[in-house]
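Work through the exercises below with the model open. Each task is followed by a stepwise solution.

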Amino acid sequence: MKSLKELSLRIKNIRSVQKTTKIMQMVSAAKLLQSQKKLSNSKLYISKLHDIISSIMSSADQELLAKIFTTGDSDSYLVFIIASDRGLCGSFNSSIAKSSQEYVNKLIASSKKVDIVFLGKKAFDIGKNRFDSKSILKIENSKGITLKRVEALVDSMDLSKYDRIKVFYNKFYNTFTQKPMLETIKPWSKSSSLIDDYLTNSTIDYNYKYEPQNTEFILRSLIQNYVVTALYSALLESAASENSARMAAMESANRNTKEMLNKLALLYNCSRQAAITTDLIEVIGGAESL
């Protein structure tokens with residue numbers, strides 16, 4: 001049995017850890033509320049943008065649509081992998097690294113050209129030995145991402161050379177549920193995991209006025225805007241999921257430390273009682289020998 005001093009020191013250390021995890025839980029809860037607000041605004045914007053593109057496409061010439069949306073032989077892929085820059089958030093990073101690794105390796109095995117952009121250093125730390133180093137194009141922080149930063153990132157790359165652009169991210173469902181998701185942002189699709197169906201209304205006939213000869217320019221501009229917005233929305237989904245996962249992980253850690261403290265307190269009291277009993281026996285035995 002451990003000494004009372006060792007038990008007392010361990011209890012003190014666990015209480016210190018408990019304070020830290022409690023603070024991290026509260027900070028994550030506050031950040032989660034901010035992330036949810038940003039995510040809600042982003043979903044409203046991208047859903048309406050999706051509606052506008054759908055409306056213009058419905059009245060555009062089919063030859064023009066084929067010119068804009070037809071991709072190459074689908075041999076070149078750009079894959080964004082979004083995770084966090086910090087740990088202590090359960091399986092948040094490992095799940096996205098595992099699912100993206102399986103997908104990318106299948107593409108490479110099929111002789112596809114794949115470039116990878118990591119947005120979040122933890123995903124890179126977990127996956128750097130699982131991916132072909134030649135495929136890794138960029139590694140960026142995911143913390144403090146703004147729309148301007150996403151625009152600058154997209155402008156720094158020539159997206160026209162890629163037939164497919166994919167995004168791996170953790171989709172936020174609720175406080176306790178986040179799931180790895182694969183979203184295609186090029187070519188543009190009528191369905192998307194980043195939009196909410198109740199925010200879109202494909203039955204509405206938007207009465208937009210624009211110069212007919214500029215339809216191609218308008219569609220290309222809107223789709224370029226959609227790529228940036230979709231990537232930004234995926235980052236916000238990931239941020240909300242990260243804060244939620246960290247909050248849940250810290251809550252679980254708090255429960256574990258509480259259970260551990262209860263067990264150690266019981267062990268400490270038993271050890272203390274045993275020590276007192278031993279001292280009494282020695283005193284009584286000494287008195288009787290006199």
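**Exercise 1.** Decide whether Phe118 and Phe124 are buried or exposed, then classify the geometry of their ring pair.

*Solution.* This is a predicted model.
- Step 1: check the cover. Phe118 and Phe124 are both buried. The cut-off for that label is under 20% relative accessible area.
- Step 2: take the distance. The ring centres of Phe118 and Phe124 are 5.5 Å apart, and a pair requires centres within 6.5 Å.
- Step 3: take the angle. The planes of these two rings stand at 70°. Planes over 60 degrees apart count as edge-to-face, so Phe118 and Phe124 form an edge-to-face pair.
- Step 4: widen the view. Phe131 joins Phe118 and Phe124 in one aromatic cluster.

**Exercise 2.** How many aromatic pairs does the structure hold? Classify the one made by Tyr103 and Phe168, and place both residues in the secondary structure.

*Solution.*
- Step 1: count. There are 4 aromatic pairs in the structure.
- Step 2: classify. The ring centres of Tyr103 and Phe168 lie 5.5 Å apart, with the planes at 65°, so this pair is edge-to-face.
- Step 3: locate. Tyr103 belongs to helix 3 (residues 92-109) and Phe168 to strand 4 (residues 164-174). The two are 65 residues apart, so the pair links distant parts of the chain.
- Step 4: check the cover of Phe168. Its relative accessible area is 4%, so Phe168 is buried.

**Exercise 3.** Which lysines sit over the ring of Tyr173?

*Solution.*
- Step 1: start with Lys171. Its charged end sits over the Tyr173 ring, 5.9 Å from the centre.
- Step 2: turn to Lys179. This residue lies over the face of Tyr173, 5.8 Å from the ring centre.
- Step 3: test the distances. The limit is 6 Å from the ring centre. Lys171 at 5.9 Å and Lys179 at 5.8 Å both meet it.

**Exercise 4.** Describe the layout of the chain, then compare its radius of gyration with the globule rule.

*Solution.*
- Step 1: list the elements. The chain has 6 helices and 5 strands. Their order along the sequence is α-α-β-α-β-α-β-α-β-β-α.
- Step 2: compare. The radius of gyration is 28 Å, whereas the globule rule gives 19 Å for 290 residues. The value is well over the rule, so the chain is more spread out than a compact globule.
- Step 3: read the spans. The C-alpha trace covers about 115 × 40 × 25 Å along its principal axes.
- Step 4: add the burial. Of the 290 residues, 40% are buried.
- Step 5: add the contacts. Among contacts between residues at least 6 apart in sequence, 78% join residues at least 24 apart.

How values were computed:
Residues numbered from 1 in each chain as written. Predicted model: local features only at pLDDT ≥ 70, side-chain atom pairs only at ≥ 80, totals over all residues. Heavy atoms only, no water. Phe/Tyr/Trp six-rings, centres within 6.5 Å; stacked < 30°, edge-to-face > 60°. Helix = DSSP H or I, 4+ residues; strand = E, 2+ residues; numbered from the N terminus. Buried < 20%, exposed > 50% of the residue type's maximum accessible area, 1.4 Å probe, protein only. Lys NZ or Arg CZ within 6 Å of the ring centre and 35° of its normal. Rg over C-alpha atoms; globule rule 2.2 N^0.38 Å. Contact = heavy atoms within 4.5 Å.
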